[in-house]
Amino acid sequence: MNNNLTQSNIERQNILNNRIAVENIAKSLDVVGMFFEGEYRFTKQMVAEFYEVDERTIERCVEQNIDELKHNGYVLSKGKQLKDLKLQFAHVINVGSKTTQLALFNFRSFLNIGMLLTESEKAKQVRSVILNIVIGSINEKVGGGKKYINRRDVNYLSAAVTEENYRKTLTSAINHCVTGHPNYKYSQVTDLIYKAIFRENAKEYREILWLDSKDNIRHTLYAEVLLVVSSFENGVGSQIEKVFNNKGNIQLSIEEVGQIVEQLANAPSQQPYLNDARTKMASRDYGFRDVYHVNIAEYLKAVTPEEFERFIGSESIDFDQILEDNKDVLKRLKQVEDDK
């Protein structure tokens, strides 16, 4: 994670979308606000006093980053809302009766200001606190095992099973229809597919995620990405068999398989799925694993609040515990599969 939050909208949003981290930051910071309409609110004066800058500095920051701050909860209070606020907190906000609008920050936009201010020593200290808490909140939730954070998604297991089944379709086609050394051709075709989807071959992906030789790459992929891989592998396997049959059962070279992969990757019908897979891989790996995929950096976005809930929040699951609780059932299913 880049320690200079002032320069990266994506890194700021990855923190502000992380409910658990924001709640922990709120507990850590000594800041007093007005509890209004279900959340704490802060006036421009309160924000300026906390960050030890003048109000004009806050105004300039708002003007320069208005869309981002609005997205994170900054509002201009008017009408009935402002009237209700005055009734409850007139002694705090200290504004005249003729005031028709008042800038209000909720806690997320209050933190957002702290990530943007470059001339405030207090804001710099707050950014340091924020980074420590964010890193700690993810590590605490996953026990340091960010490598397999993808498996905390409730949708992961079914996607992994689906991918494994379609993988067999591809490996069967490679076995019967592709020439080459048995120990190498499977990895060669896999590299072609990974390069088409992620713009990284298996070796490059391993290096980026710091995987060792015994780690199965597919076990680190997110559920939606696995489904895209499944679809792509199924399409490649089907096309390999079709070309093999058209050639009179003459095996294809790796180069011919490469042409099949390239054609499928460039097919208009595949573009939405490939783009979505690249976006999820680039964004989630950056947000959760602190991993930067250079070749798909153009797809990088902030992790959404819903994704934080799925992987480290209330909707996440303990995959390893589920496997442990169901190990006898899984053993029986494997035995049935082996006996077929």
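This is a guided tour of a predicted model, going from a sheet and its hairpin to a helix and then to salt bridges.

Residues are numbered from 1 along each chain as its sequence is written, and side-chain values use heavy atoms, with hydrogens and water left out. Because the model is predicted, local features need pLDDT of at least 70 and side-chain atom pairs count only at pLDDT 80 or more, whereas totals for chains, interfaces and linings use all residues.

**The sheet**

Begin by selecting strands E1, E2, E4 and E3, which in that order form an open sheet of 4 strands with antiparallel pairing; helices (H or I, at least four residues) and strands (E, at least two) are DSSP runs numbered from the N terminus, and two strands pair if DSSP finds at least two bridges between them. The edge strands are E1 (34–36) and E3 (75–78), each of which pairs on one side only. From one strand to the next the twist averages 50 degrees, where axes are lines fitted to C-alpha atoms, for helices over the stretch in contact, and angles run from 0 to 180 degrees between N-to-C directions.

Next, select E2 (residues 39–43) together with E4, and you will find the two strands paired in the antiparallel sense over 3 bridges, with Thr43 standing opposite Leu104 in E4. Add helix H3, which packs on the sheet by touching E1, E2 and E4 (contact means heavy atoms within 4.5 Å), and whose direction makes about 85 degrees with that of E2. Then add helix H6 (residues 79–93), which also packs on the sheet, touching E1, E2, E3 and E4, with a direction at about 150 degrees to that of E1.

**The hairpin**

Now narrow the selection to E1 and E2, which pair in the antiparallel sense over 3 bridges, and look for Met34, which stands opposite Arg41 in E2. The two strands form a hairpin with 2 residues between them, and Glu37 in the turn has a positive phi of about 55 degrees.

Is Glu37 buried or exposed, or partly exposed? At 49% relative accessibility, Glu37 counts as partly exposed, given that buried means under 20% relative accessible area, exposed over 50% and partly exposed in between (1.4 Å probe, protein chains only). The side chain of Glu37 is joined to that of Arg41 by a polar contact of 3.5 Å; such a contact is a pair of N or O atoms within 3.5 Å, where within protein one must be able to donate a hydrogen and the other to accept it, and residues adjacent in sequence count only if both atoms are side-chain atoms.

**Across to helix H6**

From Glu37, measure to Asp84: the pair is 47 residues apart in sequence and 9.8 Å apart in space, C-alpha to C-alpha. Asp84 in turn forms a salt bridge with Lys80, with the closest N and O atoms 2.8 Å apart, a salt bridge being a side-chain nitrogen of Lys or Arg within 4 Å of a carboxyl oxygen of Asp or Glu. Because Asp84 and Lys80 are 4 residues apart in helix H6, they are separated by about one helical turn. Asp84 is partly exposed, with a relative accessible area of 22%, while Lys80 counts as exposed at 62%.

**Helix H4**

Select H4 (residues 55–64) and colour its buried residues, Thr57, Ile58, Cys61 and Val62. Seen down the helix axis, these buried residues fall within an arc of 135 degrees, so they line one face of H4; the arc is that of the directions from the helix axis to the C-beta atoms. The face turned away from that buried side carries the exposed residues Glu63 and Gln64. Among the elements that cover the buried residues of H4 are helices H3 (44–51), H5 (66–71) and H7 (107–116), together with strand E4 (101–106). At the N-terminal end, Asp54 caps H4, with a side-chain oxygen 3.2 Å from the backbone nitrogen of Arg56.

**Further salt bridges**

The count of salt bridges comes to 23. Select Arg19 and Glu309, whose side chains meet in one of them at 2.5 Å, N to O. This pair links distant parts of the chain, with Arg19 in helix H2 (residues 19–28) and Glu309 in helix H15 (residues 305–311), 290 residues apart. Arg19 counts as partly exposed at 34% relative accessibility, whereas Glu309 counts as buried at 13%.

Finish with Asp153, Glu224, Arg284, Glu307 and Arg310, which are linked in a network of salt bridges.
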